[in-house]
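Hi everyone, thanks for coming along. Let me put the sequence and the structure up on the screen, and then we can walk through a few spots together.

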Amino acid sequence: MQIARNSVATIHYTLRNDKGDVIDSSDGREPLAYLHGHGNIVPGLERALEGKRAGDKLQVKVAAEDGYGTRDERLVQDVPREAFPTDVELQPGMQFHAQSSAGVHTVTVRDVGADSVKIDGNHPLAGEALSFDVTIDGVREATREELAHGHVHGEGGHHH
Ligand code: ZN
């Protein structure tokens, strides 16, 4: 069967950034299972996988706008050092998960001053063109429960 809205696709993938560095890969792990058509993966990749079948291999180039978005410099902010736990030694490049009204997102420390810390709330891959090498491992219909939740359960998906 072909990948279409409301199907569960299982994929092996390698993600590279602009420079060709491997950012993420399912190599040596179980493949990623996602619910197609529900924004579980970046839009550019989801579009490219539409209509594909088990065994298909493809390379997908995704522009930043169809990946993790463009950078928003308003998300780069100085916050007081006291906002961070005192037992954490802050260093540029450190990442935190922050909870906001928009959900959980990653915040990266850019610069550490005596009294303030420059943080960047952009996704670490925002502004980057992405390249995915994908092999489709399997395609199946989603269960009714998966459709209700908007994500995949079991193997390669959510466990709850
Ligand atoms: Zn669920």
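Let's begin with a question: leaving aside its neighbours within four places in sequence, which residues is S26 in contact with? Before I get to that, please keep in mind that what you see is a predicted model.

So, the contacts of S26, with those sequence neighbours left out, are I11, H12, Y13 and P31. You will find S26 in the loop that runs between β2 (22-25) and β3 (32-35). Although S26 sits in a loop, S26 is buried, because its relative accessible area is 1%, and the limit for buried is under 20%. Two of its interactions are polar in nature. The S26 side chain makes a polar contact with the side chain of H12 at 3.1 Å, and the S26 side chain also reaches the backbone nitrogen of Y13, at 2.8 Å.

Next, the charged side chains. How many salt bridges does the structure hold? The count is nine, and I'd like to show you three of them.

Take R71 and D120 to start with: their side chains meet in a salt bridge, with N to O at 2.9 Å. This pair links distant parts of the chain, since R71 is in the loop between β4 (57-62) and β5 (76-80), while D120 belongs to strand β8 (residues 116-120), 49 residues apart. Are the two partners buried or exposed? R71 counts as partly exposed, at 37% relative accessibility, whereas D120 is buried, with a relative accessible area of 1%.

The second pair is R74 with D72, whose side chains meet at 3.0 Å, N to O. Here R74 counts as exposed, at 68% relative accessibility, and D72 is partly exposed at 22%.

For the third, look at K118 and D78, where the closest N and O atoms of the salt bridge are 3.5 Å apart. K118 lies in strand β8 and D78 in strand β5, so this salt bridge ties together parts that are 40 residues apart in sequence. K118 itself is partly exposed, because its relative accessibility is 31%. There is a network to point out as well: salt bridges that share partners join R71, E73, R110 and D120 into one.

D120 also comes up when we turn to T106, a residue of strand β7 (residues 103-112). Beyond its neighbours within four places in sequence, T106 is in contact with Q95, F96, H97, D120, G121, N122 and P124. With a relative accessible area of 18%, T106 counts as buried, because the cut-off is under 20%.

Let's finish at the zinc ion. Which protein atoms are its donors? They are ND1 of H149, together with NE2 of H151, NE2 of H153 and NE2 of H160, lying 2.0 to 2.2 Å from the ion. Along the sequence, the spacing of these donor residues reads H-x1-H-x1-H-x6-H. Why do we call the arrangement tetrahedral? Because the four donor atoms subtend angles of 100 to 125 degrees around the zinc ion. As a reference point, ideal angles for four tetrahedral donors are 109.5 degrees. As for accessibility among the donor residues, H149 is partly exposed at 40%, while H153 counts as buried at 15%.

That's my tour for today, so please jump in with whatever you'd like to discuss.

Methods:
Residues are numbered from 1 along each chain as its sequence is written. This is a predicted model: local features need pLDDT of at least 70, side-chain atom pairs count only at pLDDT 80 or more; totals for chains, interfaces and linings use all residues. Side-chain values use heavy atoms; hydrogens and water are left out. A salt bridge is a side-chain nitrogen of Lys or Arg within 4 Å of a carboxyl oxygen of Asp or Glu. Helices (H or I, at least four residues) and strands (E, at least two) are DSSP runs, numbered from the N terminus. Buried means under 20% relative accessible area, exposed over 50%, partly exposed in between (1.4 Å probe, protein chains only). Contact means heavy atoms within 4.5 Å. Donors are N, O and S atoms within 2.8 Å of the metal (3.2 Å for Na, K and Ca); water is not among the atoms, so sites may look incomplete. Four donors count as tetrahedral if all angles lie between 85 and 135 degrees; four count as square planar and six as octahedral if opposite donors are over 155 degrees apart and all others between 65 and 115; anything else is irregular. A polar contact is a pair of N or O atoms within 3.5 Å; within protein, one must be able to donate a hydrogen and the other to accept it, and residues adjacent in sequence count only if both atoms are side-chain atoms.
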